[in-house]
Amino acid sequence: MSAHINFTANPGLAPYDISAYTGVAGANFFAIDPLLQKIVERYSSDCQADHKAAMLRHLADYGALCGGILNELTIASHQEGQYGEIVQYDRTGKRIEAIVYCKAQTESRRISYEHGIINLDQHADWPHPFTMLHKMALAYLANQNGEGGMTCPLAMTDGMIDALRNLGTPEQQARYLPLIAGEGSDSHFMCGQYVTERVGGSNVGQNRTVARKQADGTWILNGEKWFCSNPGDLWVTTARIEDTSTIGMFLVPRIKADGELNGCYHLRKKDIIGSRGKITVECVYQDLVAEELGRPGHGLANLIKYVIQKSRIHVAVSAIGTSRRAFIEARAYVQEREAYGGKVIRFPIVRRTLAEMQIRHSAVTWATFKNYMLLEQKHAASQILTPLLKYISTVHATWITHEAIILHGGNGIIGDFSVLPRLHNDSIINETWEGTHHIITDHVLKAALRPRIQTAYLELIDQNLAAAGDSGQNPVAVEVQRQRDLVQALLQKDSGWQDLNRVYICDEIYYTFALSELAANHSDPFLWACARGFFELHRQGSMGATDSDSIFQSDVDLELLIQT
């Protein structure tokens, strides 16, 4: 029928305002991100000049890849028929339990791996330290394409590298680190985590998989795993040590030392709503050969310290990367889309929505990178902030991706119009990953109630208050002081009340920390606008009634917030 349509004469088919619209595709995600540039500038002041220059070049190069070829490959690999699949047998009937990805997916992983986004310190041509700032800035850029089938695997590979370096024997390090981190390796982010079982869920202590030690020092595992993320070459797993209540952590290679396939049988691929570029499977262990990773009796402690902690760090950067992409896509669209006689961005409510998206994103992004610096310093307050920011960043990302979809109108819910539906689903996955809100806020509260950690957190607030200057001339500083006193009071209440209200307590702990960070940087016009807007959002609520001095009624402030 289409052959009979006169496309040139039909007025309804003439080109219109977004006929050639492509969103932010093709942009250099580092070059167009002033906030990330501020963060890198702030926390690289101690770097040697040649190191800093090399880092900036490396980030800019990767920003171009992320907005260019990696964006294209990610979109291509997320089409129906292009997702990864389980291949249990080869053509001769031999069991292989392989995971097969499309060419776009494997190429995306290869490009990022070879750029060194988690293993730059293994590159012969990189003579500088590979700092957490640098690594997390790269991950932030990568996540602007959503999980993409790559950023969850890179997080788990980063965690595996950390665990091997800290817990692995010299033999394990020599055998596995070149495979998962070596320059030139063809294992591109192929490390996984097989921890959760049908019974217990996040309560790993209820694992029913049993580990039995052998005379040669290896362990035989029998049981099942319900969420096996990124099945590949090497993974960490947990199991109950036979005849005890102790949960051990183990290292499992897909191929045993004798060259034979290990005893992990994939049952099926999970049908999850997001993070679909990398597959998640269910499996059964049948006489699986595993190795100790650290002391077996310290399994749960090591799992939290090296595996879960690293995953939470990456989930937070995933969330802020996702929310950044959602914001810039929304801004680009309303700048081009026309309705009722003009560009959509001219409507006050649209500008206010963009400003609120920017404030929430910028506050949590600044706080998240500050925590990365604290982690590198082994600062006690990071024991509060790491789980806290995993929770907060994911909640904000889901809200921001939702608002970006709404700003696109009907086009926002079309899967092939923009990346937003995929980003939104990925954001929901991040909210559940490595502890849902009800679990993770318990971890935050327990950390905050420890005197040494609470003191370290409050000292950070005090340092920021000192940097904020005269509170009499700075109403935001007055608010920070009030919030500091509130948080301290909340942490003195009875345990029953605290447990019932722990989400509220965590929200206040975050607001106090993030606002203090912004207030301490009041000399920067953009961060100061974020501070005032963040204060107003907390006081009035999202889309709450504005006062005459509202930041949302200032054209100058709105322009600064929207265009940064």
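Leucine 13 counts as partly exposed, because its relative accessibility is 42% and the partly exposed class lies between the buried limit of under 20% and the exposed limit of over 50%. The model in which this residue appears is a predicted one. Along the chain, leucine 13 belongs to the segment before helix 1, which covers residues 34–43. On the surface, Leu13 joins Ile5 and Phe7 in a nonpolar patch. Together the three residues have about 280 Å² of accessible area.

In soluble globular proteins, nonpolar side chains tend to be buried together. The next step is to look at the nonpolar cores of this model. The largest nonpolar core has 145 residues. Which of these residues touch the most other members? They are Leu354, Phe369, Tyr372 and Tyr510. Helix 8, residues 299–336, supplies the largest share of this core, with 15 residues. Another core, of 19 residues, lies apart from this one. Among the members of that other core are Ile99, Cys228, Ala239 and Val281.

Phenylalanine 369 shows what touching can look like for one residue. Its neighbours within four places in sequence are left aside here. Phenylalanine 369 is then in contact with Leu36, Ile39, Leu133, Met136, Ala137, Tyr140 and Ile320.

The strands can be followed by starting from strand 4, residues 210–213. Four bridges connect strand 4 to strand 5, residues 219–229, and the pairing is antiparallel. These two strands form a hairpin, with five residues between them. In the turn, glycine 217 has a positive phi of about 95 degrees. Strand 4 also has a parallel partner, strand 6, residues 234–241, to which two bridges join it. Valine 210 takes part in both pairings: its bridge partner in strand 5 is asparagine 222, and its bridge partner in strand 6 is arginine 240.

From strand 5 the path leads on to strand 9, residues 280–292. Strands 5 and 9 run antiparallel and are joined by eight bridges. One pair of bridge partners consists of cysteine 228 and valine 281, the latter in strand 9. Both Cys228 and Val281 are also members of the core of 19 residues.

Strand 9 has further antiparallel partners. Strand 8, residues 264–269, is joined to strand 9 by five bridges. Within strand 9, valine 284 is the residue opposite tyrosine 265. Strand 7, residues 247–253, pairs with strand 9 over two bridges, again in the antiparallel sense. Here the bridge partner of phenylalanine 250 is glutamate 292 in strand 9.

Two loop residues remain to be described. Aspartate 243 sits in the loop between strand 6 and strand 7. Aspartate 243 is not a glycine, yet its phi is positive, at about 65 degrees. Is aspartate 243 buried or exposed? Aspartate 243 is exposed, because its relative accessible area is 78% and the exposed class begins over 50%.

Methionine 543 is also a residue other than glycine with a positive phi, in this case near 60 degrees. Methionine 543 lies in the loop between helix 17, residues 525–540, and helix 18, residues 555–563. With a relative accessible area of 34%, methionine 543 is partly exposed.

Technical notes:
Residues numbered from 1 in each chain as written. Predicted model: local features only at pLDDT ≥ 70, side-chain atom pairs only at ≥ 80, totals over all residues. Heavy atoms only, no water. Patch = residues over 30% accessible without salt bridge, like charges linked within 9 Å, V, L, I, M, F, W, Y side chains within 5 Å. Areas by Shrake-Rupley, 256 points an atom, 1.4 Å probe, with all protein chains shown as cover. Salt bridge = Lys/Arg side-chain N within 4 Å of Asp/Glu carboxyl O. Buried < 20%, exposed > 50% of the residue type's maximum accessible area, 1.4 Å probe, protein only. Core = buried A, V, L, I, M, F, W, Y, C linked by side-chain atoms within 4.5 Å. Contact = heavy atoms within 4.5 Å. Pairing = 2+ DSSP bridges.
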